[in-house]
Amino acid sequence: MSSDPWGRVDEQGNVYVRTADGERQVGSWQAGSPEEALAYFERKFQGLEAETALLEHRVRKTDLAAKEAQAALDHLRAQVTEAHAVGDLAALAARLETLAGEIETRQTERKAARAKAQEETRAAKEALVAEAEQLAESNQWREAGDRLRALVDNWKALPRLDRKSDDELWHRFSHARSVFSKHRKAHFAALDSERESARSVKEKLVAQAEALSGSTEWGPTAAAYRDLMTQWKAAGRAQRDAEEELWARFRGAQDVFFQARSGAFSERDAEQGENQKAKEALLVEAEAILPITDLKAAKAALRGVSERWEAIGHVPRDARPKLDGRLSAVERAVREAEEAEWQRSNPEARARATGMTALLQAAVDKLRADLDKARAAGNASRAAKLEAELEGRQALLDQAQKSLQEFTS
C-alpha cells in the first residue's frame with residue numbers, strides 16, 4: 001500500500017483522497033505501481049488547481065462578464081466536488097468560495113455602475129430635452145438651428161435607456177425640434193412676404209429717382225432725393241438679387257443728378273472765388289477808413305464800399321462769416337463815431353450837464369463855508385462830518401465837470 005498526506009492506494013489498487021469528512025474513493029489503478037497511481041491522480045488535482053488559478057486571474061485581472069464568470073465557477077465547483085483527484089480539495093473549494101464572493105461583489109458593483117450610468121444618461125438626455133424645448137421658442141434661427149443639430153449628435157452619442165424612458169424623452173426632444181422648425185418656416189414665409197412688399201415699394205422709388213435724375217432744380221431735387229432715401233430705408237429689404245439690382249438703379253439715378261449738380265457747383269464756386277477776391281480788395285479800402293478823423297468823409301467812403309459790396313454777389317459759404325465780420329467792424333466803428341458826435345452836439349444833454357455842474361458847485365461852496373465855521377467854533381465832530389460830506393460832493397463835481405468838458409471839446 002502507498003500513501004501521501006492527501007491520499008493513498010490500498011492493496012487492491014483502489015485510490016482514495018482524504019477530506020475533512022473522511023476518505024473517498026476516487027478511482028482504481030491496476031496498470032502500475034501505487035506511486036504511479038498517486039502521481040496520476042495528483043496530476044488531475046493539479047489540473048483542477050490550474051483551472052482555478054486561471055479563473056481567478058480572469059475574474060481579478062480582466063473584464064470577464066459576471067454571467068460568464070459565474071458559469072465557469074459553477075462548472076469548476078462541480079468538478080472539484082466530484083473530483084477524481086488527490087490533493088487539498090478543501091483548500092481548492094475554499095478558493096472557489098472566495099472567488100464566488102468576489103464575483104458576487106463584482107456583479108453588485110457592475111449593477112450599481114450600470115444603474116449610475118443609466119441615471120447619468122437619463123440626466124444628460126433630460127438636459128438635452130430641456131435645452132431643446134427652450135430653443136424651440138428662440139427666434140435666433142441660425143444659432144438655435146445649429147445648436148439643435150449639435151444636440152442631435154449629442155443624443156446619438158449617448159447610450160439608450162430602457163425603451164419606455166428613451167421613447168418618452170425622444171418624443172419630447174423631437175417635438176421641440178418640430179416646434180422650432182415650424183416657427184422658423186413661418187418666420188421666413190412672413191419674411192418672404194415682407195421682402196416682396198419691399199421690392200414693390202422700391203421699384204416705385206427707383207422710378208421716381210430716375211425721373212428726377214435730369215432735374216436742374218438743385219435744392220428741391222436734392223431734398224426730394226433725401227426724402228426718397230428715407231422712404232427706401234423704411235421700406236425694408238427685398239430679396240438679395242432684387243435688392244442689389246434696385247439699389248444699383250436707385251444709386252445710379254442719384255449719381256447722375258449729383259454729378260450734374262457738382263459740375264454746376266464747381267462753376268459757381270469758381271465765380272464765387274472771384275467774388276471773394278473782389279470783396280477782400282474792398283475790405284482793404286474799407287479798413288483804411290480807420291481810425292476816423294473826418295466822420296463825414298468816412299460815412300461817404302463806407303457808403304461807396306457798401307454799394308459795390310452788394311453788387312459783387314455771393315462768396316463761398318466758409319469765407320462769408322470772416323468777410324462779413326471785417327466789414328461789420330468798420331460799420332460799427334462809423335456808427336460809434338456818429339453816436340459820439342451826436343452826444344457832443346446834443347443841446348439838451350449839454351444843458352443838463354451844465355445845470356448839474358452848477359448845482360454841485362454851489363453845494364461844494366456851501367459845505368466849505370460850513371466847514372470853516374465848524375473849525376472856527378472848535379466843533380471837531382461836526383468838522384469831521386462836513387469834511388467827509390465835502391469829499392463826496394467834490395468827487396461828483398469833478399465827474400460833472402469832466403462830462404461838461406466833453407461837450408465843449
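**Helix packing and nonpolar cores**

Helix 5 and helix 6 meet through two sets of residues: Lys-202, Leu-205, Val-206, Gln-208, Ala-209 and Leu-212 on the helix 5 side, and Thr-221, Ala-224, Tyr-225, Leu-228, Gln-231 and Trp-232 on the helix 6 side. Sorted by class, this contact comes out as eight nonpolar, three polar and one charged residues. As the model is a predicted one, what follows describes that prediction.

Now for the geometry of the pair. Helix 5 spans residues 163-212 and helix 6 spans residues 218-234; the two pack at an angle of about 165°, and their axes lie 10 Å apart. Because angles over 145 degrees count as roughly antiparallel, helix 5 is roughly antiparallel to helix 6. Their crossing is left-handed.

Turning to the interior, the largest nonpolar core has 26 residues, and the members that touch the most others are Val-15, Leu-55 and Val-59. At least two residues apiece come from strand 3 (14-19), helix 1 (34-61), helix 2 (66-81) and helix 3 (89-135). Helix 1 gives the largest share, with seven residues. Take Leu-55 as a case in point: once neighbours within four places in sequence are set aside, Leu-55 is in contact with Leu-64, Ala-69, Ala-72, Leu-73, Leu-76 and Leu-99. A separate core of 17 residues lies apart from this one, and its members include Leu-128, Ala-132, Phe-173 and Ala-176. In soluble globular proteins, nonpolar side chains tend to be buried together.

How values were computed:
Residues are numbered from 1 along each chain as its sequence is written. This is a predicted model: local features need pLDDT of at least 70, side-chain atom pairs count only at pLDDT 80 or more; totals for chains, interfaces and linings use all residues. Side-chain values use heavy atoms; hydrogens and water are left out. Axes are lines fitted to C-alpha atoms, for helices over the stretch in contact, and angles run from 0 to 180 degrees between N-to-C directions. Helices (H or I, at least four residues) and strands (E, at least two) are DSSP runs, numbered from the N terminus. Angles under 35 degrees count as roughly parallel, over 145 as roughly antiparallel, 65 to 115 as roughly perpendicular and the rest as oblique. A crossing is left-handed if the near helix is turned anticlockwise from the far one by less than a right angle, and right-handed if clockwise. Contact means heavy atoms within 4.5 Å. Ala, Val, Leu, Ile, Met, Phe, Trp, Tyr, Cys and Pro count as nonpolar, Asp, Glu, Lys and Arg as charged, and the others, Gly among them, as polar. A nonpolar core is a set of buried Ala, Val, Leu, Ile, Met, Phe, Trp, Tyr and Cys residues joined through side-chain atoms within 4.5 Å. Buried means under 20% relative accessible area, exposed over 50%, partly exposed in between (1.4 Å probe, protein chains only).
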